[in-house]
Amino acid sequence: MEVIWKAKDFGRSFKNPVLTLGNFDGVHLGHQRIFQQVCRKAKEIGGESLAYTFAPHPVQLLKPGQEPFLLLPISERIRLIGEAEIDVTICAPFTQEFASLTAEDFVRDILHRQIGVRQVYVGHNTSFGKGRTGSVSLLKEFGKRYGFVVEAMEAVEVKGTLISSSRIRRLIRQGDIPGAAELLGRPPLLIGEVIHGFGRGSKKLGFPTANLKIDEVLVPQPGIYAVWAVYQGRRFPGVANLGWNPTFQDHKFSIEVHILNFDKDIYGQTLRVEFVERQRDEVTFRSPEELITQIRKDVEQAKKVLGID
Ligand code: ADP
Ligand code: MG
């Protein structure tokens, strides 16, 4: 997939472009459904499939200082859009200047003149443009004026539940990983660089943990989780601890993964952690020995959850 990090002036033209527009945070099943439709239509008319998205998230620019709420860093959002087989992702830097474009400016100057869009698919509750005044019905009007077709996609349901990024955020905050995975159509994940901690995992406990430095994204409820750790394209079973390490009174939140059957120095490398199930709360133990006993149990339980022996 080609990625263009610009809002406009793309330096190339597009062939019969079929486009979708949105934040696509989480790239959940609803988003995936839209991408499928875009790709199908593009094939049908011999055109290119495009996703037009933004970073940072508009809320980060317009209402700074909020708790991290994004489900994915932009790099993962783009990787997953690529997996959905979109030809081109345009990632517009969401600046004050960009935020001040009216809905009509955006459609006329960017979608129509610069992209030459033929067909647009959007979610039924899409809004865009300055003050979020652009709606599906307005987009349809512009479509008539500028010669493109607009189709609004129905909200996707899973077992009677409407899929939305905010519902998924709520499930992840509550530690309901299977619930979130069902709406995402993939496991919830964190990705980051492996950094140095206190060096205690291997020396003191006999369970080294890769400590992660992550971007500003939503973190699942603190606790112990069964996970898959993906390192250089290979998947390893693991146990993750999200918390404050109260047994050692760290008072610093950390995200750590003990990878099973693994013995490599991976400091400075990127690790992707796919969450499978929450196993227990983080608790304070009276001694490191008690903690070690519990970690052994956690490992056994994670193996069961992950279906390995
Ligand atoms: P730190 O406090 O710096 O995280 P640890 O004692 O927890 O130190 O050791 C973690 C490091 O050990 C990891 O960053 C990784 O480079 C290495 N390592 C070796 N084996 C493993 C394993 N099975 N799981 C996680 N990390 C491992
Ligand atoms: Mg560690």
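This is a short talk on a few strands, cysteines, rings and a metal site in one structure.

Hi everyone, thanks for coming. Please keep in mind that this is a predicted model.

Let me start with strand β12, residues 234-243. Eight of its ten residues are buried, so the strand is largely enclosed by the rest of the structure. What sits on either side in the pairing? Strand β11, residues 223-231, runs antiparallel to β12, and nine bridges join the two. If you'd like a place to look, find I224, whose bridge partner in β12 is N241. These two strands make a hairpin with two residues between them. In that turn, Q232 has a positive phi of about 50°. β12 also pairs with strand β13, residues 254-259, again in the antiparallel sense, over six bridges. There, G243 has S254 of β13 as its bridge partner.

Staying with β12, have a look at F236. How do the rings of F236 and F262 meet? They form an edge-to-face aromatic pair, 4.9 Å centre to centre with 75° between the planes. F236 belongs to β12, while F262 is in the loop between β13 and β14, so this contact ties together parts that are 26 residues apart in sequence. Both F236 and F262 are buried.

That pair has company, as the count comes to 14 aromatic pairs. Elsewhere, one aromatic cluster is formed by Y52, F54, F94, F98, F106 and F128. And for those of you who like a charge over a ring, R200 lies over the face of F248, at 4.0 Å from the ring centre.

Now, the cysteines. How many disulfides does the structure hold? The answer is zero. Why is C39 not bonded to C91? The closest cysteine sulfur to that of C39 is the one in C91, and at 18 Å it is too far for a bond. Seen from the other end, C91 is in no disulfide either, with the sulfur of C39 as its nearest cysteine sulfur. C39 is buried at 13% relative accessible area, and C91 is buried too, at 1%.

Last stop, the magnesium ion, ligand 2. Which protein atoms act as its donors? They are O and OG1 of T209, together with OD1 of N211, lying 2.1 to 2.2 Å from the ion. As for the surroundings, T209 is partly exposed, with a relative accessible area of 27%, whereas N211 is buried at 11%.

That's my tour, and I'm happy to go back to any of these spots with you.

Notes
Residues are numbered from 1 along each chain as its sequence is written. Chains are lettered from A and ligands numbered from 1 in the order in which they are written. This is a predicted model: local features need pLDDT of at least 70, side-chain atom pairs count only at pLDDT 80 or more; totals for chains, interfaces and linings use all residues. Side-chain values use heavy atoms; hydrogens and water are left out. Buried means under 20% relative accessible area, exposed over 50%, partly exposed in between (1.4 Å probe, protein chains only). Helices (H or I, at least four residues) and strands (E, at least two) are DSSP runs, numbered from the N terminus. Two strands pair if DSSP finds at least two bridges between them. A disulfide is a pair of cysteine sulfur atoms within 2.5 Å. Donors are N, O and S atoms within 2.8 Å of the metal (3.2 Å for Na, K and Ca); water is not among the atoms, so sites may look incomplete. Rings of Phe, Tyr and Trp (its six-membered ring) pair if their centres lie within 6.5 Å; planes under 30 degrees apart count as stacked, over 60 as edge-to-face and the rest as tilted. A charge sits over a ring if NZ of Lys or CZ of Arg is within 6 Å of the ring centre and within 35 degrees of the ring normal.
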